[in-house]
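Trainee: Could you take me through one part of this structure closely, with each term explained as it comes up?

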Amino acid sequence: MNTGTQTNQTDVTLRAWLLSDAPTSRRQAKLASIYRAWLSFRSNPMAMVGLFILMMLVFVAIFAPVLATHNPLGQDLSVRLSPPGENGFFLGSDSLGRDILSRLIYGSRITLYIVALVALLAPIVGLFIGTAAGYIGGWTDQALMRITDIFLAFPRLILALAFVSALGAGIENAVLAIVLTAWPAYARLARAETLSIRNSDFISAVKLQGAGSLRIIVRHIWPLCISSLVIRVTLDMAGIILTAAGLGFLGLGAQPPSPEWGAMISEGRRFILDHWWVATMPGLAIFAVSLAFNLLGDGLRDVLDPKGQS
Amino acid sequence: MTVNNSIELEDVNVWFGEGVKRVDAVLDASFAVEQGGSFGLVGESGSGKSTILKAITGLAGNWQGKINIMGKPLGETRTDEFYKSVQMVFQDPYASLHPRHTVDHVLSETLSLHKFDNIDERIVKVLNEVGLGQSFRFRYPHQLSGGQRQRVAIARALILEPSILLLDEPTSALDVSVQAEILNLLTDLREELNLTYLMVSHDLAVVGHMCSNVAVMNLGKIVELLTIEDMRAHKTEHPYTRELFEASL
Amino acid sequence: METLLEVDNLKVTFPTRTGNFEAVRDISFSLGRERLGIVGESGSGKSITGRSILRLIQKPGIVEAKQIALHGENLLDFTERQMRKVRGHRISMVMQDPKFSLNPVMKIGAQIIEGYRLHKNISKAEARIATLEMLEAVLIRDPERVFDAYPHEMSGGMGQRIMIAMMLIPGPEILIADEPTSALDVTVQKEVLEIMDKLVRERGMGLIFISHDLHLVSSFCDRVLIMYGGRIVETCQADRLHEAKHPYTRGLLNSMPILDQPKKYLEVLSRDDTWRDQLSVSGNK
C-alpha cells in the first residue's frame, strides 16, 4: 500500500523495481531483499531511535577534531571542577580542568574501537567453531565444545587482570580479554542453530547434489546462523561497553590521560557529591550508547528472526 | 530376454543406532524397478518406505544387503556418478529449499558443483521444462507458492540430467488442485526424459495413478508386491494390503 | 430440525503492510443437530471460520458479522469472560495434531480433569471417574494407564481420541473439528472418525467438520459447504456431491486421482477470477 505522494518519477520506478515480484537478476533480487528488510526495520520507531543514536556516535567519532571545543588533554588547574556552562565548559570540567565535553567526544573513538573489535572478532570465532562442531559432530564436536567450556569458565575481570599483569595495562589487552571470554557464547549459539538446521531437507538436497561439508557449512549454514549472531552481539554490546568501562574504572583498560568513558567515571568518583557532573556526564554517555544498542538489537530481531512472525 | 533394471534391492536391512538402542527400520526388503518404469512404495508412517529412499541416497541409517543402481552395486559412499544418475524430490516444499537462496542460486550451485558449462542456458531450459517462466528465476522461496516450490525442487533434481528420480511423497503437502498439476508434470517428464521413478506415498490413489508396480510395506517389511492392475482388480492377498485398501476407499 | 448456531454475514480481515487481507468474505450458514462439512483448500478461509465462531481470532485480525448466534444469543456481544464459559462447555474444538494441542508436561488425566472442573463444580474424585468413563467411550482399552501417562507416550490416533474425550467431557452442544484426522494414518483415520460420529450422534450434538479432503467430508457428513477465496461457492447434501454444479467443486472432484478410473492426465482445475467476486451462497439448511 503506497501512501503519500511520489513527486519524483524516478522515486516511483526505483521503489517499484525494488519491490517487484519478479526480479530479473541476482543483483536485483539481493537488493530487493535488503530493501524489504530495511522497510520492516524502519517501521519500528524504537529501533530507529537506536540506529540514530549509534549513527551519531559514529559521526562524533569521525568528526571529533572539528566538534571538540577544547583540547581533551589540555589541563588548566585554575578552572578545575567548573560546573556545566561556566568558563566556556559546556558540560563542565574535571579535576584537572579538562573540558568534559571534548573528552567525551574523543572518548567516543575509544568506545567505537572497543565495539568494532569485539563485534568483529568474537562472533566470527564463535561462528567458525560452533558451526564446525555442530555440523561435523562426533569427536570434533566434543573437543571443540570442551575448549569452549574452558574459555567460558574464565571470569572476564580475572582474565583481564591476568593479561594486564602479563602484558601490561592498556585498552588493547582489555579488549582482548573481553573477546576471549565472549566468543564461547556465540559458539554455542551457532552450534545450536547448526544442529537444528543440519537435518533439514534443503541440506539433504544439497548433499545429494554432491556438496561437501565445507561448502555446506559456509554457503548453507552460515547464512542462516548470521542473523541470530548479529542480534545477539548487538544485544550483548551494552554489556561489553559496560565491561570495558568497568575495566577502565579499575584502571585495567585505557590508561590516563586517555579519555575513555569508564576511566572518566572512575576519576570522578571522588567528586560525586559536590561536583556531580564529572562522573555523571560520562555515565550518561555510556547509558545512551548501551540503550541504543539494545533498541537496535530488538529492532533487528524483529526483522531478522522469522519465528515471531508468520 | 533380460530386462534392464534401474534399481535392484536384495535382502536389504536398514537400521539406526547401535546395540541396545538399535531400531530396525527396514527388514529384508527386495524388489526391482525396470528401466523407464514407475514403482510405488506404499505404507503408513513407520512402515520404512522413506527409509529405503534414504538408504539408497546414503542420507541416513546403516544398511546391509545388495542395492544395484543401473547394474552397479552401491558401496559405503556415493560417487559423483551416482549423483548424476539418481536424484530425489522431497516431501515438504516448504523445507526443501534454502530460505536465503534464490531459485537461480539453487540451480546454478548444482551445476557448478559438477562443472557443467552453459549454466545460464541450462537453467532457462530446466525452468521451462517444469513449467515455470523466467520471472521465477530470481525469486526467493518465500515468494513462491507450495506448487511453485515443488516445481523448483523438481527442476533442481532434473538439472543434473539423472536417469532415476526418487520421489518422497512429492504431493502430500500440496492442495488437491496443485497436486494434479504436479502429477501431470511428473507424468510428462518421465515420458520426455525417459526417467525411472521410485515413488513413496501413503496415498493409494496417487500411487495407482503414477505407478505400474507397487510394494506394500508394514512395520519395515514388504508384505506384498503387486501390479496396479492386480490392485484395481482387488486381487490382493495379504490381509494388511486389504486393510489399507479398505481404509483408503 | 432445531437450529443450534446461526452465522450471518461473517467477515474476517487481517491488516498487513500491503493492505487488508480478507480471509473470510461475508459468509452465512446455520448448523442444526447435524454434521456439517466445510471443505476448501489452503487459503479458503475454512479454518478461520471455525476459529471465529469461538472468537479465537486475535488482534490484529478483525471479526465482523451480523450475528454469530448460539441458540439465538449473539456471541459477538459476549464479554471475554462469558466467552470462556462458552468455549469447551457449549462449543468445543478438536484440532489437527494432538502433539500440539495436548500439554506435553502434564499427565493426560490431569489435563482432562483441569478442563472439566473449569466448567463444572465437582470434586477431583468425581472428575476422575467421569474422565475414565469418557476414555472408555473413545475406545481406549486401558483408561487407568492412559490417565497416568504423558501425551508423548501415545500414538497419533490415541492422542486424537484423547483430545475428543477432553473436548466432549464438559458436554458441549457443538463440536468444531478442524482437520481432525489429517495428521493420522489412513487406517487410524477411520477409527477416530467412527468414534467421533458415534459420540456426536449419541449426544445429539451438532458437528462442524473442517477439512481439505472432499471425499472424506462427503462420506462422513450430512451437508457440505465448499469454500474458495473466503466465500462459500456451493452447498449440497453430502450424498449428492457428485451432482455438484459449481465449476470449482467439479474441478476439485475431477482433479483427484481415483484408483478404479485410470487416466493418463488428471484434470487440472483452471481457476476463474470471477469466482472470487461472486457472492457467497447461503449455507442455511
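Mentor: A residue counts as buried if 20 or more other C-beta atoms, placed from the backbone, lie within 10 Å of its own, as exposed if 12 or fewer do, and as partly exposed in between. The model is predicted, local features need pLDDT of at least 70, side-chain atom pairs count only at pLDDT 80 or more, and totals for chains, interfaces and linings use all residues. Residues are numbered from 1 along each chain as written, with chains lettered from A and ligands numbered from 1 in written order.

In chain B, strand E9 covers residues 213–218 (helices, H or I of at least four residues, and strands, E of at least two, are DSSP runs numbered from the N terminus). Because 6 of its 6 residues are buried, E9(B) is largely enclosed by the rest of the structure. Asn213(B), Ala215(B) and Met217(B) point one way from the strand, while Val214(B), Val216(B) and Asn218(B) point the other way.

E9(B) pairs in the parallel sense with strand E3 of chain B, residues 38–43, over 5 bridges (pairing requires at least two DSSP bridges), and in this neighbour Gly43(B) stands opposite Met217(B). E9(B) is also joined by 6 bridges to strand E10 of chain B, residues 221–227, which runs antiparallel to E9(B), and there Leu225(B) is the bridge partner of Ala215(B). These two strands, E9(B) and E10(B), form a hairpin with 2 residues between them, and in the turn Leu219(B) has a positive phi of about 50 degrees.
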